Protein chains: 2
Amino acid sequence: MPGVDGHPPRPRRGRRPAGADTRGTIVDAARDVFAAQGYDATSLRAVARHAHVDPALVHHYFGGKSALFAEVMRLPLDPRATVDQVLDGPPEGVGRRLAQGFFEAWDEPGRTPQMIAVLRAAASHDAAAAMLRDFLAAEVFGRVAAHYSDPGDATLPTRVGLAAAQMVGVAMLRYVLGHQPLVEAPVADLVDRLAPVLQGYLVDGVAPGPRAGV
Amino acid sequence: MPGVDGHPPRPRRGRRPAGADTRGTIVDAARDVFAAQGYDATSLRAVARHAHVDPALVHHYFGGKSALFAEVMRLPLDPRATVDQVLDGPPEGVGRRLAQGFFEAWDEPGRTPQMIAVLRAAASHDAAAAMLRDFLAAEVFGRVAAHYSDPGDATLPTRVGLAAAQMVGVAMLRYVLGHQPLVEAPVADLVDRLAPVLQGYLVDGVAPGPRAGV
């Protein structure tokens, strides 16, 4: 395994039995490896090696890479379940399911401050931003894109990016900056207005309008 | 004038002649007053009093409150000129002019790092975030809303907020987080896709689609 730059190696004590702090040891090791190699290149096997535990223990505690990353980044949720819901239904409801899943994730009691902390960290720190971006690209946008992709459609990544931008911006204005009209708007109204926009980006591909009135 | 809380009063030296550092003195005073009173409640007259200069000097150096605020916040531009362009033309071109003005503002050589710094500051610091939010609400969204507002349309603030969210999100993903598809997309393509979305939010009011496929 390539060196985990900038971090002293953990003391070698051989493989340890599952104990009270094994989970924490794995999270600490994962933080090092994600930071050094990025989200995409990190394997659970490499994390296990760095933590000096059996790879089966990593699977046992975390199930998969996205859940381990969510723990390392202190994300208040692993978005895989939300994405599962978005993909589970007819294509014409994608925009609405995505908007609903977004507000369910953000508005769950007690979760908003954690979500804000994540967004602030992403806006402030390059390393955190890069990791979060790669994570979301793989686990959220990548999955949605792969699900609805026409292999011949080169516009899909741009359209998925603009849909993501709409949602990141709503998070910034409603939760971080506290823009009153978006704070006070009922979720149902926001979902009604966001659904056709997201649907247009993600599924319909909206033909660009005429270059009118410029 | 109400006290500028938490800042010691500047040494009283009487009104000073315009000198090499008068401009800087005004900016320093404005920083105090904006921080204590917020964007909306700050007057150029109050800034002049706090700086111990004649109000005419503040107008002479800065022209108006938005330009003074842009200087205090180290904004790389005063958005009034961009908003003037957006409002100067037929209603059916608003979305396109807004998208074009946005990318012209962000992509001007040398300006992007400053714009990123502003967005990061807004995401990180509550005081900066509140001031920037109030400033944008008054000078950008407020002006656009007032221009196209039907007094009976209670949905306009939400629609303006969602249009702003789309643009804040594009700034986050393209410039701060460096999401590759949005970094690599030609501006003309992004404008083609954003224009109808912004137009729908700001002017057409897009009737919410049917609650299909949920």
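Between domain 1 of chain A and domain 2 of chain A, an area of about 610 Å² is buried in this predicted model, and carbon and sulfur atoms give 75% of that area. On the side of domain 1 of chain A, the residues that lose the most area to domain 2 of chain A are Tyr39(A), Ser66(A) and Phe69(A), which together account for 73% of what that side buries. To place these residues along the chain, it helps to know that chain A is divided into domain 1, covering 22-72, and domain 2, covering 80-204. The centres of the two domains of chain A, taken over C-alpha atoms, are separated by 26 Å.

The contact between these domains can also be described by counting residues: six residues of domain 1 of chain A are in contact with seven residues of domain 2 of chain A. Across this domain interface in chain A the rule finds zero salt bridges, while the count of residue pairs in polar contact, with both residues at pLDDT 80 or more, is one. Two helices of chain A, helix H1 (22-41) and helix H4 (65-72), each supply at least two residues of the side of domain 1 that touches domain 2, and the largest share of that side, four residues, comes from H1(A). Sorted by class, the residues of the side of domain 1 of chain A that touches domain 2 of chain A divide into four nonpolar, one polar and one charged.

Helix H1 of chain A also offers an example of a salt bridge, in which the side chains of Arg31(A) and Asp28(A) meet at 3.2 Å, N to O. Because Arg31(A) and Asp28(A) are three residues apart in helix H1 of chain A, they are separated by about one helical turn. A search of the whole structure finds 14 salt bridges over all chains.

We can now turn from the single chain to the pair of chains. Chain A can be laid on chain B with an RMSD of 0.1 Å by a turn of 180° and a shift of 0.0 Å along the axis. The two copies are therefore related as by a two-fold rotation axis. The same surface serves both copies, since 98% of the contact residues of chain A recur in chain B.

The contact between the chains takes 53 residues from chain A and 52 residues from chain B, and the two chains bury about 4,500 Å² between them, with 64% of it on carbon and sulfur atoms. Across the interface of chain A and chain B the rule finds zero salt bridges, although it does find four residue pairs in polar contact, both residues of each pair being at pLDDT 80 or more. Several helices of chain A, namely helix H6 (94-107), helix H7 (112-124), helix H8 (126-148), helix H9 (156-176), helix H10 (180-184) and helix H11 (187-204), each supply at least two residues of the side of chain A that touches chain B. Of these, H9(A) gives the most to that side, with 14 residues. By class, the side of chain A that touches chain B has 30 nonpolar, 13 polar and ten charged residues.

Technical notes
Residues are numbered from 1 along each chain as its sequence is written. Chains are lettered from A and ligands numbered from 1 in the order in which they are written. This is a predicted model: local features need pLDDT of at least 70, side-chain atom pairs count only at pLDDT 80 or more; totals for chains, interfaces and linings use all residues. Side-chain values use heavy atoms; hydrogens and water are left out. Copies are superposed by least squares on the C-alpha atoms of residues with pLDDT of at least 70 in both. Contact means heavy atoms within 4.5 Å. Buried area is the accessible area (1.4 Å probe) that two parts lose on being put together, summed over both. A salt bridge is a side-chain nitrogen of Lys or Arg within 4 Å of a carboxyl oxygen of Asp or Glu. A polar contact is a pair of N or O atoms within 3.5 Å; within protein, one must be able to donate a hydrogen and the other to accept it, and residues adjacent in sequence count only if both atoms are side-chain atoms. Ala, Val, Leu, Ile, Met, Phe, Trp, Tyr, Cys and Pro count as nonpolar, Asp, Glu, Lys and Arg as charged, and the others, Gly among them, as polar. Domain bounds come from an automatic or database domain assignment.
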